[in-house]
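Work through the exercises below with the sequence and the model open. Try each task before reading its solution.

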Amino acid sequence: MARSHRSTSGPDRFPGSRAAALRPTRGRSATAMYLRAHLYGAAVGRTILDRCISAVDPADRARLAPLRPQFEGEIATTRRLLTGISPVGAPGRRMVRVSATIALAALPAGPIVRDPLTRLGLLESLRTLVVAKRSMWELLAESWVADGDDAAVVDARAPGPDGDDDTMLPGDVRSLLLALADQARSQENLLEELRRGYGLELFG
């Protein structure tokens, strides 16, 4: 008696499903995922900034403090950009920040106990995040996000981070992104100066 042929699923049986699984995310979906990832990173970076301010000397603390409102404004801008692209937003961002706050609170980085090596590590970590942020603004400024014809990118009715009326028209998006890239570059230079200063002081 002849055995019945049993079909088995091979790599060529469902070419459509396989292609769909391997198809990379592009366009608006990819941009939304990119902005979402940076918002999660910004939640951690904002917490690291607070720890850096506590860890450095008083004179340097005054130099780092202005970065707080800058970070908040950048986060608000990123959220507005994401809202114009995707209704999902960045769920769980507050939880990420709370978790980072709890985790970093155990580090000896002030205000009572300051470990020089911990301080150096915090400054290096924050500088790395700022470099990634600058790269994001520069990349977005060269992408479709900066196109003035796409009114959905930025909601012109959205208030600023402090409730003031710093609304942006779509045509202002590219100049805004480039200005934020310049701001991040200034932050990077400051953190590099502090990193080198405290590092040379530590290693002699």
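A residue counts as buried when its relative accessible area is under 20%. The model used here is predicted.

**Exercise 1. The chain as a whole**

Task: State what secondary structure the chain has, and what share of its residues count as buried.

Solution:
- Start with the elements. The chain has seven helices and zero strands.
- Read along the sequence. The pattern is α-α-α-α-α-α-α.
- Apply the burial cut-off. Of the 204 residues, 36% count as buried.
- Turn to contacts between residues at least 6 apart in sequence. Of these, 79% join residues at least 24 apart.

**Exercise 2. H2 against H4**

Task: Decide whether H2 and H4 are roughly parallel or roughly antiparallel, and sort their contact residues by class.

Solution:
- Locate the helices. H2 covers residues 27-55, and H4 covers residues 67-85.
- Take the geometry. The packing angle is about 165°, and the axes lie 10 Å apart.
- Apply the cut-off. Angles over 145 degrees count as roughly antiparallel, and H2 and H4 are therefore roughly antiparallel to each other.
- Add the handedness. H2 passes H4 in a left-handed crossing.
- List partners. On the H2 side they include Arg28, Leu35, Leu39 and Ile53. On the H4 side they include Leu67, Phe71, Ile75 and Ile85.
- Sort by class. The contact of H2 with H4 has twelve nonpolar, four polar and seven charged residues.

**Exercise 3. H2 against H6**

Task: Repeat the analysis for H2 and H6, residues 116-141.

Solution:
- Take the geometry. H2 and H6 pack at about 150°, with axes 9 Å apart.
- Draw the conclusion. That angle makes H2 roughly antiparallel to H6.
- Add the handedness. H2 passes H6 in a left-handed crossing.
- List partners. H2 contributes residues including Tyr34, His38, Ile48 and Cys52. H6 contributes residues including Leu122, Leu129, Met136 and Leu140.
- Sort by class. The contact of H2 with H6 has 14 nonpolar, six polar and three charged residues.

**Exercise 4. H7 and Ser186**

Task: Compare the length of H7 with its expected span, then place Ser186 and classify its exposure.

Solution:
- Check the span. H7 has 31 residues and reaches 44 Å from first to last C-alpha, close to the 45 Å expected.
- Look just past the helix. Gly204 takes a positive phi of about 80° there.
- Place the serine. Ser186 sits in H7, residues 173-203.
- Classify it. Ser186 counts as partly exposed because its relative accessibility is 49%.
- Find a distant partner in sequence. Val130 is 56 residues from Ser186 along the chain, and their C-alpha atoms are 9.7 Å apart.

Note on methods:
Residues numbered from 1 in each chain as written. Predicted model: local features only at pLDDT ≥ 70, side-chain atom pairs only at ≥ 80, totals over all residues. Heavy atoms only, no water. Axes fitted to C-alpha atoms, helices over the stretch in contact; angles between N-to-C directions. Helix = DSSP H or I, 4+ residues; strand = E, 2+ residues; numbered from the N terminus. Parallel < 35°, antiparallel > 145°, perpendicular 65-115°, else oblique. Left-handed = near helix turned anticlockwise from the far one by under 90°. Contact = heavy atoms within 4.5 Å. Nonpolar A, V, L, I, M, F, W, Y, C, P; charged D, E, K, R; others polar. Buried < 20%, exposed > 50% of the residue type's maximum accessible area, 1.4 Å probe, protein only. Expected span 1.5 Å × (residues − 1).
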